Amino acid sequence: MSKKLGRRRVLHGMIGGAAVSVGLPYFDCLFNNHGTALAQTGAFPARFGTWFWGCGMNPARWVPTTEGSGYDLPPELAQGIDGFQDRVSVLTGFDTPLNGETNHPHYAPPTVTLAGQAPTSPTDVPRSTFDVEIANIIGASTRFRVLDVTADGQGSAWSAQSAGTPSPAESSPIALYQRVFGTGFQVGGDEPFVPDPAVMVRKSVLSSVIDQTKALESELGSHDRQRLDQYFTSIRQLENQLDVLLREPPDLPACFMPNEPGGENLAQEITQVIDTHNLFVDLLTIALACDQTRVFNINLWRIFTDVRFEGESTGYHRLTHDEFVDPALGYQPLSQRFVIKAMDAWRYLLTQLDSIQEGDNTLLDNTAVFAHSGTEFPKDHGTKNIPMLIAGSAGGRLNTGLHVRGAGSSTSRAALTLQQAFGVPVVTWGDRNIQTSSPIGELVP
Amino acid sequence: MRGTLFILTCLTLTMAGCSTTGSPSTGPDSTAAGLDDYVPGPIAMRRLTKNQYVSTMHSLFGADLQFFPPTEVDTRVEGLLSLGANAATITPAGLERYESSARQVASQVLSPDRRGRLLGCMPESPTDADDACATEFVVGVGPRVLRRALREGEADDYVALAREATQELGDFYRGLESVLASWLLSADFLFIQERAHPLNSTSESAGRKLTAETLASRLSYFLWNSAPDAELLEAAFAGELDTDQGYRAQLERLLSNDERLGQGIRALFNDLYELDALETAPKDTSAFPQYTMGVIEDAKEQTLRTVVDHLLTRRADYRDLFTTRQTFMTKNLGPIYGIPVSEDWEAYEFPQEGARAGILSHVSFLALHARSARSSAVLRGEFILDSLLCTPIPAPPANVNFEALEPNSGLGDTARERLAVHRSDPNCAVCHDLMDPIGLAFENFDAIGQFRTQESGVTIETYGQIDETEYDDITGFYPALRNAPRLTTCMVLKLYMYAVGRLPAISENEVLEALEADFDSGGYDFVRLMENIALTHGFRATSGPREAEAEEGGA
């Protein structure tokens, strides 16, 4: 996994429990007829993703000492971005204020970072998260507006559709495969395209559902009408999905039909969790290359995770609380192994995105992946200095390769910056003392 | 937070009311049912929980149906998924799953070997549209699935959809499948919809009466955890539920079906005790190789069986659920309880004077509220306070240091000693003084609920205190909890919220008090409490549609 891969040669994955390499079409800038439109305009779509890892890092080993470009690479950070430094911005010193709410340390920071609002309880989902706003702008025409996956079995990847409604995440790579590459998926240019009449009927069914449900709208109060609106949005999204299946698929050079994962092991040992994550990354990479989606959310592991090294009885989260800080090292040595694993997984994501060539650039360049964690120093479970990374420029929408310090400002500035980069018409973001109108200027081209 | 504060206020008021002993209740004429001059909380449009979705499909089309369960994430409010459901909406990914399930279900329901169950007619040709037969299907099945009468002209639209789909696919039954799929995706199916009559249907000070269809769904999901059956829906359509007599007749019918009422009680306890979480609660498999999936499934079933046996079959005192020594055993569970078992689900009685009595001594509770490798007095204490006594505990400070709690911390051999170190910090003591004495009573049970007398070679002490009652060990804890007034106050509150799908309005405090008084004077008969709740004005009426601003008021 940590092996450095060539920039576009292989897509490396665990298929059927064994490592296999899938050769990607060796097209580079060559497009056949179907791909010419993209080639001529150079308009590869911008993509967005979030990536969450639970229990932070060790500041002395992760936070660069210099700011701006060419920042230094402490060892834990190097593990995550070595070879990609010029395309990754590192954000440190940003906090997640709680607006006077009780700190639910295992849930609050990612919720504040993504939703701009502090949860009132561990199960509170206060509002939609900003990835949903971005998906509304860039994901509306693809088959899936967004794909959410979780490598540690948590039900969601922190994304929420609206108040009280977390977005469900796939926890099984096989299920994700079947959803995206199962019945109905076709690689453009492979064989003559014939629209499936069953798909047209499914569309008629959805139209009927909308027609019949309209009558309900007038009976509801404003609270429930908002919820019904979300329901309509979801139906329209599914209609859109079916529309995509009824059109001849574009012949995208990097798109191919992956093999179905032959097996999976969803246990909580570190090897399995990382394998699951990497398999998800492989499938998402192909889904992006095939333009099945432009937005994704990945949860590597939650803060309250039980992921363990093989043969050990204490899970990562327990270790962060229980393990003594080694005075000579200045960190918790057992817990620290998980930071390294997380950074490996992050680099795997960057490597895979970078392996897909799109014109003169790669899929990574056309994407902005926003990584964030739930704390800084694992043992503290604090809400200050939440580490964040942004990889890729989303096709030139963001400056990359910088280390920016937040000086105690809110992580919602990252959320605002990213939304504006993707054209979400938002000038302020966040609730009360989380609120900001100041994007991170260094990142804005 | 608002909800939490509100519950505490409500609790205080209710406890005050508890001291006035109500006159002997006679069920239908209970004090609670007699109150009707208040405006209850608003409409509660609830997304079907995962369990409700599955049980609804099964009761409509048969338990042998195969389909993917929903992927939507149910969230808890006040400890109940059924309350979180009134804020939930439908996500794109969730709808995608609902649509595949709808197609799976529709194709099975209309498959050659099953279609006769729902369809009395045959098309003239199986490959052509047949409006007459389609109409029969639409009119006969639609209202059951949608849980409401069809609107004017609606049937024609479905018949048109069937015709169009049949023409497209050349198969009459696939035409009907698309109609059925459209119902299974409608907001009337995926949500429990509630509708109210106009204001003039009752006096202004009493809110608005819920429609008969709404009452049918409320009754059915409350008592049976499923969609109304044909008879209940017929009664609603015929206007019977609009009369007190007709309503009571259906209520009695639902309450007298032990099989289905048992399912309803199981669903409630499954929700309140978070038993679905048992499957994913992490356990250290190297320390506990005997804790298998079979144990997990049986542990959950053991508790649910005991609950139904106690509350429904025996109609025993609700409070004795926490002291009863009656339960059921399986071969999987035997080794965990350290007893020989010859037959699965044989009735079993825990030994008198032994450490096990009541459902809190079951593996389900003890293993769920523990860490992966060790017991947790804190988690156990917190659940009892929060979910059984309605006394929520705030979250711990962020940077709490748990080193002292580890068996190898050098700060004590037992959890009691280690927690004492922890509680020496006054910031921690505020909450731990409440949780620990309760949770420590269970220290004789390890991370998977096995009995033990020692930890690290030192004898475990399980003395403690709940409210003013002190106990020497766990056998004293069970009756202390049983007799705590908050136990029944809290059950009344939780069950009422579960029934109406929302937090109570301030105006409903009085009825909660009356319900508790009825519970009290009726010998803590749980089924009667369910009946009394279904008879309240709050269950049968509403302030009206729920407005967004109403949230600020705690509704």
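**Asking about chain B**

Me: How many of the residues of chain B count as buried, in percent?
Reply: Of its 555 residues, 52% count as buried. A residue gets that label if 20 or more other C-beta atoms lie within 10 Å of its own. Keep in mind that this is a predicted model.

Me: What is the secondary structure of chain B made of?
Reply: You'll find 24 helices and 10 strands in chain B.

Me: And why is chain B called as compact as a globular protein of that length?
Reply: Its radius of gyration is 26 Å, and the globule rule gives 24 Å for 555 residues; the two values are close, so the label fits. Along the principal axes, the C-alpha atoms of chain B fill a box of roughly 80 × 55 × 45 Å.

Me: Which domains is chain B divided into?
Reply: Domain 1 covers 46-192 and domain 2 covers 289-482. Their C-alpha centres lie 43 Å apart.

Me: Why is α21(B) called oblique to α22(B)?
Reply: Helix α21 (residues 485-500) of chain B and helix α22 (residues 509-521) of chain B have axes that cross at roughly 120°. Angles of 65 to 115 degrees count as roughly perpendicular and those over 145 as roughly antiparallel, so an angle that fits neither of these, nor the roughly parallel class under 35, is oblique. That is why α21(B) is oblique to α22(B). The crossing is right-handed.

Me: Which residues of α21(B) and α22(B) meet?
Reply: The axes come within 10 Å. On the α21(B) side, Thr488(B), Thr489(B), Val492(B), Leu493(B) and Tyr496(B) take part, and they meet Leu512(B), Leu515(B), Glu516(B), Phe519(B) and Asp520(B) in α22(B).

Definitions and conventions: Residues numbered from 1 in each chain as written. Chains lettered and ligands numbered in written order. Predicted model: local features only at pLDDT ≥ 70, side-chain atom pairs only at ≥ 80, totals over all residues. Domains from an automatic or database assignment. Helix = DSSP H or I, 4+ residues; strand = E, 2+ residues; numbered from the N terminus. Rg over C-alpha atoms; globule rule 2.2 N^0.38 Å. Buried ≥ 20, exposed ≤ 12 C-beta atoms within 10 Å, placed from the backbone. Axes fitted to C-alpha atoms, helices over the stretch in contact; angles between N-to-C directions. Left-handed = near helix turned anticlockwise from the far one by under 90°. Contact = placed C-beta atoms within 7 Å.
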